[in-house]
Amino acid sequence: MTIDHTGSDRARTRLALSVLALCWFAILCDGLDTFVYGAVLPRMLADPTLGMGPGAAGTVGSVATLGMLIGALAAGPLADRLGRRTAIVAGVALFSIASLACAVAPSLEVFAAARGVAGLGLGGLIPTAISMVMEYAPRGRANLMVASLMTAHQAGGILAPGLSMLFLDSRGWRFLFLLGGLPLIAVPLMLKFLPESMGYLLARGRVADADALARSRGVAVTDFVTTPTGGRGTASTTAHRIRRLFTGSRAITTPALWTASFAGLLLVYGVATWLPVMMRSTGYELGSALSFLLVINLGGIVGMLIAGQVADRVGPIPTALVWFALTAIGITALSVQMPLAATYVVVFATGVWLFSAQTMVYAGTAAHSEADFRATAVGLTSGIGRFGAVFGPWLGGVLIASGTPRWGFGAFAVAALLAVAALLVVFVTDRVGSRATTSSVLERVSP
């Protein structure tokens, strides 16, 4: 008797797309909340009710970034312990409530505290959503699904200045943060329609819950079991999950992936913060320099979709390796003034490579992790990378304050090459491990 898997495959695709859509919305709101502060900052500096000066503005930005760092480090272990669905919904609720608090903050201290709380929710959302989307992705489409998810963050980066242009003059900066609280309305829908991670349920010994979830969505539990769970029906402790990140070849690949994430987020946040200033140092007018931010984010959206398809064919690590190398070339090229049209092309291409390279680091981390500790692995990789997110803007500021803004291009190109070197270590380690496994199998089957 021939078994027709078409219906099951279609059901899994529908499930994957519904998970992607809900997580995409969450990451869109994450991107909007992350970038809205910079978009409204000039108006906030002019508002006497807060008494915010440039120094205080930088401190508030650092508080939010610190919150993201803590959130990213804590979210993975918490998601693997409490559930990824719970972590995603809690993250959305947390930064939405914090955004509402920003909108009504009576003082600078209250506003700064609210931004720090928002950072906690924002920092943990991306790694947890990546783990969820990758788990439910159709066969052979995991990297494309992750890349599609991360287009939402770039879209949020475009939406923030767009909404500011529409409402900042007429409604004021507080209205923008009020809009940032609207995702709270979607929390009940996410609780109803976003499924829990199948890997999490099985790792916790909740086999009946996993079966019920699979039946309700028309899929089979076996479609999502890719690694043994140990047969004990119990979840490992956080300490045990972290130790597993350093067993066998992971003792080499985990630190290398952390290094690549540090360098990648240094690039993402450093370039996003200082690109207009650095471009002005090469002779461009302010209007053109500001428009480069829009172009590089548009390139990021296109790049995510291209990188996802490439990674599904050759793997996320080789893709990220090549993408970072191309990023280094693109950033170096931007240090030389070119005709405006050519510059836009290079900026767009650099966006294609830069943002998706970092996303492929996350995808590569997930691919190196088993289902029951994947959120921990991606969360820690994202958390360590957040140190780069703090260091990148600081480094650009130091170079610009020293009167050498053009050196920023060289510094960021070096960061891209550091990521290339780290990913080469992962690539070579994987190849050596693959050959050793093949040799072992051949030895066992040979007469």
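**Exercise 1. Find where Met338 sits, and work out whether Met338 is buried, partly exposed or exposed.**

Start with the place: Met338 is in the loop between helix 13 (316-334) and helix 14. Helices here are DSSP runs of H or I with at least four residues, numbered from the N terminus. Next, take the relative accessible area, which is 23% for Met338. Now hold that against the cut-offs: buried is under 20%, exposed is over 50%, and partly exposed is in between (1.4 Å probe, protein chains only). So Met338 is partly exposed. One last step: Gly283 is 55 residues away from Met338 along the chain, and their C-alpha atoms are separated by 9.7 Å.

A quick note before you go on: this is a predicted model, where local features need pLDDT of at least 70, side-chain atom pairs count only at pLDDT 80 or more, and totals for chains, interfaces and linings use all residues. Residues are numbered from 1 along each chain as its sequence is written, and side-chain values use heavy atoms, with hydrogens and water left out.

**Exercise 2. Do the same for Thr359: which helix holds it, and is it buried or exposed?**

Look in helix 14 (residues 340-367), and you'll find Thr359 there. Its relative accessible area is 2%, so Thr359 is buried. Then check a partner: Gly308 is 51 residues from Thr359 in sequence, and 9.1 Å from it in space, C-alpha to C-alpha.

**Exercise 3. Describe how Trp173 and Phe177 are arranged.**

First, search the whole structure for aromatic pairs; there are seven. Trp173 and Phe177 form one with 6.0 Å centre to centre and 85 degrees between the planes. Rings of Phe, Tyr and Trp (its six-membered ring) pair if their centres lie within 6.5 Å; planes under 30 degrees apart are stacked, over 60 edge-to-face, and the rest tilted. That makes this pair edge-to-face. Second, place the two residues: both are in helix 6 (residues 173-180), four residues apart, or about one turn of the helix. Third, check burial: Trp173 and Phe177 are both buried. Finally, zoom out a little: Tyr37 and Phe111 join Trp173 and Phe177 in one aromatic cluster.

**Exercise 4. Work out how helix 3 runs relative to helix 4.**

Take the axes of helix 3 (residues 84-103) and helix 4 (residues 108-136): they come within 8 Å and cross at roughly 155 degrees. Axes are lines fitted to C-alpha atoms, for helices over the stretch in contact, with angles from 0 to 180 degrees between N-to-C directions. Under 35 degrees is roughly parallel, over 145 roughly antiparallel, 65 to 115 roughly perpendicular, and the rest oblique. So helix 3 is roughly antiparallel to helix 4.
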